[in-house]
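The exercises below are meant to be worked with the coordinates open, and each task is followed by a solution that proceeds step by step.

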Amino acid sequence: MAPAGAAGAGATPAPSTGATPAPSIGATPALAPPQAPRGVAQARSLFDPEILRVALWGSVKKMAPQVQVKNPVMFVVLVGSVVTLAEAIVHPGLFSWSITIWLFLTVLFANFAEAMAEGRGKAQADTLRRTRAETEARRLLGDGSEERVPASVLKRGDLVVCEAGDVIPSDGEITAGVASVDESAITGESAPVIRESGGDRSAVTGGTKVLSDRIVVSIVAERGQTFLDRMIGLVEGANRQKTPNEIALTILLATLTLVFLPVVVVLEPFGRYAGTLTHSHGSVSVVVLVALLVCLIPTTIGALLSAIGIAGMDRLVQKNVLAMSGRAVEAAGDVQTLLLDKTGTITLGNRMATQFVPIGDVSEQDLADAAQLASLADETPEGRSIVVLAKDRFGIRERDLGEDHVFVPFSALTRMSGVDIGSRSIRKGAAEAVRKWVISEGGTVPAGLDEAVERLARAGSTPLVVADGARLLGVIELKDVVKEGIKERFEHLRAVGIRTVMITGDNPLTAAAIAQEAGVDDYLAEATPERKMELIKAEQGSGKLVAMMGDGTNDAPALAQADVGVAMNTGTTAAKEAGNMVDLDSNPTKLIDVVEVGKQLLITRGSLTTFSIANDVAKYFAIIPALFTATYPQLSRLNIMGLHSPKSAVLSAVIFNALVIIALIPLALRGVKWRPTSASSILRRNVLIYGVGGVIVPFIFIKLIDLFLTATGWY
Amino acid sequence: MSYFWVIVALVVVLALAWRFLGSYMEAVFAGRVRFFAWAERPVYRLIGVDPEVEQPWQRYAGALIVFSGMAILFTYLIQRLQGSLPLNPQHLGAVPPALAWNTAVSFATNTNWQNYAGETTMSYFTQMAALTVQQFVSAAVGIAVAIALVRGFARRNSPTIGNFWVDIIRCTFYVLLPIAFLAGFVFVGEGAVQTLAGTVTVHDFLNGTTQVIARGPVGFMEPIKQLGTNGGGFFNANGADPFEDPSALTNFLSIALILCIPVALTYTFGKMVGNRRQGAALLAAMAIIFGTWVGFSSYAEHQPNPAVAAANVVSQHQGNMVGKEVRFGSMQTTLYNVSSTQTSTGSVSGANDSFTPMGGFGLLTGMMLGEVTPGGVGSGLYTILLFAIIAVFIGGLMIGRTPEYLGKKIQAKEVKLASFGVLVMPITVLVLTAVAVSVPAGRAGPSNAGPHAFSEILYAFTSQANNNGSAFAGLSGDTAFYNILGGVAMLLGRFAIIVPCLALGGTLAAKGAVAESAGTFRTDTPLFIGLVIGVIIIVGGLTFFPAVSLGPIAEQLSKGLF
């Protein structure tokens, strides 16, 4: 029986709805990790029927040798299956045909895995293409008149006019006007965003729709090079380059394949010689040798390698992050230093009133009352939070002040705001300003003020002093509220060896206090673009990889310098071009997700490689006795699985080898689970699951397949 | 001394060698120990080398190849011309070309595969000027390569990896010569023969027989044979000849000398990269495999010999005593032979051929793991570093980071060089064995029938491609076919690994370092040790399982389960 609606009584009031930041930019619930994928990344089940259909056809098309040759491991399988096919034609038999068919299926399954991964991207690209459908632009001519032209003929530097209801024809910068724009086609976020000329919110994306007002846009990208075009290319994986790590792994796999070739080929002369030694029939069947080769080479990882890479990019897209290259995703997994902007990432973004500190004999309620009056007309988030706090603490409601009052807005000159009600003048503002005001009104400054102001400032808060005429009432504490859960998240990051650095324009005192509260490892106070840049270079100089997020044009150099630079979609074009990822949600905590995806990508590759190689043990025990029992009957003791016959043993191993690819496709597409713990515990876990598990699992399944084959009575 | 105390003493001696010889070698190669500078200088002047100038890896490798090529040529020529050279009291004639080639390659590659009986083939001059000299310098070459590779890890953004000439000269002057010289006195003092006089003829009046007893400058050759993990003995019986291994003390000293440099180099490695735990981790991986194999082979040799049991003439409470060094018993013989097969030494104090199938399997597979446990001087360290790189690569991927080892990123190039280096040996062994079993000249080699014949051929190529040099015996190796093919195996097993290692050293040296963090994959933990062992066993197992199942496994299983 929980008491419903009972507000938690305590010193820190929960900021309620009144304090939501103004027309927010890509306002996502900042720290809700399991976000429902939206927009570009429509949630698709792993086996969406449409993708399955496309993938099935795609896997057949990929049988072409010129495609296969790019994957050395699977190419060997294909060649092997051609060899057994020839053998099956020359010496037909159920066994050789069965092996041939299953070898072809192995290649087909590998293609299917890749086609599945690509299919998900293709489906997303199709959605995007619909947005790009031919639009008409209203090009502004030199004399101020307009002409209607197809969007495809627009050149860089052309000026176009967009009014409510128009689709923006191409990427550009607003040169005049302000408009609300629906960017849901790109970001999936249905709330409109404000775009205006000048400053950091001037970039617009082709394909988005103007909802209100009129803007003039200077085109910055021609057809084929727009953001949307690049996005389509990226999600389709059309020109996907192999990443450095993928290349290294491919080399290892190719070398393994290369070494198993002689290992298997020499068995022919070895067997023949054993035959001579024992005066028996020692020759080894080519079909079995090919089967052994295919079972030994790392087909599992070879088949799934490119699917893993494509799926990794895809997972990022589902988090609404577009990576310009796979290299950047991989680098994200290695990041050791994260530069995070304080505002919006670590704190909620606005200062909130959290405490009334009366000075002298003033009661807290009197202070709250005056502060509330002074803030009634203050529409800033800070002002509203004061009203909310007064209500929460003392139940002071909003009231009608009658006719006889004048609100005094904040000005940079006075650094105060307030209200005049009749003869009463209530002011709130910076300590220095209010102090001067009180003195000018003929009052005195009480002794406790300096101490209170300094105490709050040292705690990282902003003290706001309130005076009623000549009487100084006290101080309101305005505090940066650190996001809930962010501290734990930083702890996780620390556990995996990532250092977090908070970047803020605040003075060092405030910065230190917030840094401590949020649990970041370090902070850069009074940050300027130059100092950010210096910090990045210093970190890189000591051998660390740095990731940062930014949106402004002045962030562009730092974004380019960072190893992983995530530009916010709301940011300027310059920022977007400088970074190597774009976050469509413009949510600064995304950086952490990006790191996770990067790590997951590598872990999935490593784990499946281990699994693939570990599988070989069981396959050896299935095939070697089958291969040589004719020569050395005693080797049947190695048949520890008790497989029915040499033929069923070999076929079981081949079937297992093929089916395991299909079975692991979901894992390859989803990625191996990553938990933020120490490197050793991750390794121990994965070695156990994929190494030890990889040794045991095939023993069980090869035996099961053998039982099934035996039951058919054919082998 | 009981077997138990032999083991305890060995562990103590090796621990001391690890700590002190290891740190001494670091100082030698860093150029901080220079008490022989007066002797170094004239050598540099003679070969025209400026010891201050370092070499990039290509020049380092070039110098090494030239040096080894010259070594092969000189060793070959001395053998061919020994009839006209001094110190030949037995008036032995020229060594036949194929055998001379095989022997020249064998000693220049630190293999010491011997297709001859020393006392009846090589003059004293050949033994001393050709073979013993190579036992020093080929060991120095191996150590130099290991040091150059480790420099790659230790250095940051460096274009060079040291100077080959300086490294081998310092290694010889400061490490090999002093230890071998001191140990030589022990051998001679214990009764190893040391003379330039010819054979002695003894008449045994009791039995009415006449015996010719071979002698020679053996005592001072013996230490470097073991210390340099060479293994090439003066006499055909190698360590089983009392003139080579006269007492229990020298037997113990032999085992200790075999193991001391490979073990100590792991300390040198740790010190050079600034973290001793890294060296200790590699040593632990080596020791665990070594210990397991000693245990396994000892157990196997403790079993009665089935043929002897069938004859039912003697009790076999000591296990299989066939072919054992009866003075030291089956356990110490096994320890000696396992030490020698797992260090690429190849000297023996018992007949490998007469081991039980599983005992022989232990010796054979010890080599098949790549001679890294602890392996030959230098070669053990540089080869296990290749395995470590592969372990780091796979392990690094599994924790979600671009793998790095000792602060160096392991990328495509490193993986390429390391996997090439690791796989060249198995491929060489398998392909050459396949050739041998396919042609009449090869099939003529083995003297036994059944799977044992196959084991003999497989063993020969495994031993040569690993630069081990131990022989399974039973194989008539002194034929043109085996001499030439064996030479090829030895060359590939040596230089096809050394060159990638040096290239790796060069690539790594040129790299900057990555900062370490809590997310870095630690390479000094039991987990990593396990991973390295896993990679070594898996690579060895996957490449050789079919082959050994046709040899020792088939042989053993025919006699029932082990």
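**Exercise 1. Overall dimensions of chain A**

Compare the radius of gyration of chain A with the value for a compact globule of 715 residues, and describe the box that its C-alpha atoms fill.

Solution. The model is a predicted one, and the values that follow are computed from it. Step one is the reference value: a compact globule of 715 residues would have a radius of gyration near 27 Å, whereas chain A has 34 Å. Step two turns to the principal axes, along which the C-alpha atoms of chain A fill a box of roughly 120 × 65 × 55 Å. Step three is the secondary structure, for which chain A has 24 helices and 22 strands.

**Exercise 2. The interface of chain A and chain B**

Characterise the interface of chain A and chain B by its contacts and its buried area, and then by the elements that build the side of chain A that touches chain B.

Solution. Begin with the contacts, where 56 residues of chain A meet 59 residues of chain B. The area buried between the two chains is about 4900 Å², and carbon and sulfur atoms give 76% of it. On the chain A side, A:Phe270, A:Tyr273 and A:Leu683 lose the most area to chain B, and together they account for 15% of what that side buries. Next come the specific pairs: the rule finds zero salt bridges across this interface, but five residue pairs in polar contact, both residues being at pLDDT 80 or more. Among the helices of chain A that each supply at least two residues to this side are H7 (244-265), H8 (267-278) and H24 (679-712), while H22(A) gives the most, with 12 residues. By class, the residues of this side divide into 33 nonpolar, 15 polar and eight charged.

**Exercise 3. The two domains of chain B**

Repeat the analysis for domain 1 and domain 2 of chain B, starting from their bounds.

Solution. The domain assignment gives domain 1 as 3-261 and domain 2 as 277-558, and the centres of these domains, taken over C-alpha atoms, are separated by 22 Å. In the contact step, 64 residues of domain 1 of chain B touch 69 residues of domain 2 of chain B. The buried area between them is about 5100 Å², with carbon and sulfur atoms giving 71%. Between the domains there are zero salt bridges, together with 19 residue pairs in polar contact, counted with both residues at pLDDT 80 or more. Several helices of chain B each supply at least two residues to the domain 1 side, including H1 (3-29), H3 (57-81) and H9 (248-272), and the largest share, 12 residues, comes from H6(B). That side divides into 36 nonpolar, 24 polar and four charged residues.

**Exercise 4. Local features**

Locate the salt bridge of A:Asp166, the cis peptide bond that ends at B:Pro374 and the positive phi of A:Asn320.

Solution. Over all chains the structure holds 39 salt bridges, and one of these joins A:Asp166 to A:Arg138, with the closest N and O atoms 2.9 Å apart. A:Asp166 lies in the loop between strands S3 (159-163) and S4 (172-176) of chain A, and A:Arg138 in strand S1, so that the pair links distant parts of the chain, 28 residues apart. In chain B, the peptide bond from B:Thr373 to B:Pro374 is cis, with omega near -5°, and B:Pro374 lies in the loop between helix H13 (357-368) and helix H14 (379-399). Finally, A:Asn320 has a positive phi of about 65° although it is not a glycine, and its place is the loop between helix H10 (299-318) and strand S10 (321-323) of chain A.

Note on methods. Residues are numbered from 1 along each chain as its sequence is written. Chains are lettered from A and ligands numbered from 1 in the order in which they are written. This is a predicted model: local features need pLDDT of at least 70, side-chain atom pairs count only at pLDDT 80 or more; totals for chains, interfaces and linings use all residues. Side-chain values use heavy atoms; hydrogens and water are left out. Domain bounds come from an automatic or database domain assignment. Contact means heavy atoms within 4.5 Å. Buried area is the accessible area (1.4 Å probe) that two parts lose on being put together, summed over both. A salt bridge is a side-chain nitrogen of Lys or Arg within 4 Å of a carboxyl oxygen of Asp or Glu. A polar contact is a pair of N or O atoms within 3.5 Å; within protein, one must be able to donate a hydrogen and the other to accept it, and residues adjacent in sequence count only if both atoms are side-chain atoms. Helices (H or I, at least four residues) and strands (E, at least two) are DSSP runs, numbered from the N terminus. Ala, Val, Leu, Ile, Met, Phe, Trp, Tyr, Cys and Pro count as nonpolar, Asp, Glu, Lys and Arg as charged, and the others, Gly among them, as polar. The radius of gyration is taken over C-alpha atoms; the globule rule is 2.2 Å times the number of residues to the power 0.38.
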